Amino acid sequence: MADKFCMVVSEGSFDKAMMPLIMGNTAASMGMEVHVFYTFFGLKLLKKGNRPKLPGFMRFFTGMMEKKMRKLNVPGIEEMTKQARELGVHFYACSTSMALMGIKESDLAEGTKVLGASAFLNLAADSKMTLFIG
Amino acid sequence: MRGNGNTVGEISLQKDATLDAKGLMCPMPIVQLAKKMKELKSGQILELLADDVGAKEDVPAWCSRTGNQLVGTEEEGKIFKFYIRVK
């Protein structure tokens, strides 16, 4: 059975969107089973058509960062998300955060599963490693 | 230089396929490598070309994690060449 790798994402900024995607795509390519749980501000990363910005004052420079990434051939959020889904990375939305943030299941990107903390912890308890990104 | 007493020159002659990942940044060389390896048969040798400096450590780590054998590596200027035998 493949090793399980879990991540919790609690912030919704551009960098916090990228990190689980880079880790998730890499881990899936290394033969691991990847589960990513989005909670609190991280949840908005799962919203359809969401375009996250860099944190705080840096938000004004998000476009510059994206431009630089394209120049360096670093894949963007959209491409990495597509890739992750192809590789079978599991994306979960925290049910309580959905209520707190006023996000409906129909607002979430295709293929997202809604979970509570207990179901995620059940996965994390069996995983080789769990990272908190927030 | 790694390998089984073979020189990289000999190994490169035995290669069955080449994956050119030059210009791709982490994690794309590894993602592409994992995809390509699935297309090959057990025992075949893949030549991987990359210029992401992270690849130097990432490719051996990927090989040891997935159980595929890294039979040779070579650096040519800024380009890393890896020869990987499919498990």
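Where chain B meets chain A, each chain gives 11 residues to the contact, and two residues count as in contact if their C-beta atoms, placed from the backbone, lie within 7 Å. On the side of chain B that touches chain A, the elements giving two or more residues are α2 (28-39) and α3 (55-66) of chain B. The largest share, four residues, comes from α2(B). By type, this side of chain B divides into eight nonpolar residues, two polar and one charged. Here Ala, Val, Leu, Ile, Met, Phe, Trp, Tyr, Cys and Pro count as nonpolar, Asp, Glu, Lys and Arg as charged, and the others, Gly among them, as polar.

A word on what you are looking at: this is a predicted model, where local features need pLDDT of at least 70, side-chain atom pairs count only at pLDDT 80 or more, and totals for chains, interfaces and linings use all residues. Residues are numbered from 1 along each chain as its sequence is written, while chains are lettered from A and ligands numbered from 1 in the order in which they are written.

Now follow α2(B) to the strands of chain B. This helix lies across β1 and β2 (45-50) of chain B, running at about 160° to β1(B). Helices (H or I, at least four residues) and strands (E, at least two) are DSSP runs, numbered from the N terminus. Angles run from 0 to 180 degrees between N-to-C directions, with axes as lines fitted to C-alpha atoms, for helices over the stretch in contact.

Both strands belong to an open, mixed sheet of four, ordered β1-β2-β4-β3 in chain B. Its edges are β1 (17-21) and β3 (69-76) of chain B, each pairing on one side only; strands pair if DSSP finds at least two bridges between them. At one edge, β3(B) runs antiparallel to β4 (residues 79-85) of chain B, joined by seven bridges. There you can find T73(B) opposite F82(B) of β4(B).
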